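Reader: Please show me the model. I have some questions about packing and burial.

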Amino acid sequence: KQGFRRVRCFLVMGVDLDRVQLRGSQSNEITIKNLEPGQENDLAAIQNHIFTGSWGFCPNTSRDIKYFLNLTGSRIQDVLLLEKNHMPIGYFWSHPVSSQSKEKNRGQKARIHMLGLEKAFRSKGNGYILLSLGMNYLRKQEFDFVGLTVDSMNHPAVNLYKKFGFRVIRRTYWYELLLDY
């Protein structure tokens, strides 16, 4: 009634890790490593390169990365860098959400905070490798459930998540109102 219009729909998706069939990288050229202290600038650079121009994304600095790591409860090693021939081409950033049990991470939920892959490496199976390696990492950390939020208009990402068994839990809508000053 106030003139707001729906501009975007985001899907909140989730999957039980025990239902996911995972595979690792089949290539010697592709490796995964944990982000290390002092590499926040590298993460900011690749993140900005991948997402600049995407709806709602604002470029980040290494200071922003450090802040978000603390805000989400992530540890720096919860960010995985995907490299091809020692050059970063993508990343997988996760963090714990909650625990119903006192037993290590049993019953815990993890959330994929961000996952990004350089455009030149998309549609070649690298996204599958990146997500697979990230999910393997979460399984080794003994998480049981993984959730994420994705732009419903990002069809390649939605389809990738569905391949892993992610299901839509709910939708979140964004509205905007143009103000005339």
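The questions and answers below go through helix packing, single residues and ring contacts.

Reader: What kind of model is this, and how are residues numbered?

Author: This is a predicted model, where local features need pLDDT of at least 70, side-chain atom pairs count only at pLDDT 80 or more, and totals for chains, interfaces and linings use all residues. Side-chain values use heavy atoms, without hydrogens and water, and residues are numbered along each chain, as its sequence is written, from 1.

Reader: How do helix H1 and helix H2 pack: roughly parallel or roughly perpendicular?

Author: Helices (H or I, at least four residues) and strands (E, at least two) are DSSP runs, numbered from the N terminus. H1 spans residues 40-51 and H2 residues 62-72; their axes are 8 Å apart, at an angle of about 100°. Axes are lines fitted to C-alpha atoms, for helices over the stretch in contact, and angles run from 0 to 180 degrees between N-to-C directions. Angles under 35 degrees count as roughly parallel, over 145 as roughly antiparallel, 65 to 115 as roughly perpendicular and the rest as oblique, so H1 to H2 is roughly perpendicular.

Reader: Which residues of H2 make the contact with H1?

Author: Contact means heavy atoms within 4.5 Å. H1 brings Glu40, Asn41, Leu43, Ala44 and Gln47. From H2 come Ser62, Ile65 and Lys66.

Reader: Is Leu43 buried or exposed?

Author: Leu43 is found in helix H1. Leaving aside neighbours within four places in sequence, Leu43 is in contact with Leu35, Ile65, Val79, Leu81, Tyr91 and Trp93. Buried means under 20% relative accessible area, exposed over 50%, partly exposed in between (1.4 Å probe, protein chains only). At a relative accessible area of 0%, Leu43 is buried.

Reader: What is the relative accessible area of His95?

Author: His95 is in strand E4, residues 87-98. Not counting residues up to four places away in sequence, His95 touches Thr72, Gly73, Ser74, Lys109, Ala110, Arg111 and His113. His95 is buried, and its relative accessible area is 11%.

Reader: How many residues apart in sequence are the parts that the pair of Tyr128 and Phe164 ties together?

Author: Rings of Phe, Tyr and Trp (its six-membered ring) pair if their centres lie within 6.5 Å; planes under 30 degrees apart count as stacked, over 60 as edge-to-face and the rest as tilted. Tyr128 and Phe164 are 4.7 Å centre to centre with 35° between the planes, a tilted pair. Tyr128 lies in helix H3, and Phe164 in the loop between helix H4 and strand E7, so the pair ties together parts whose separation in sequence is 36 residues.
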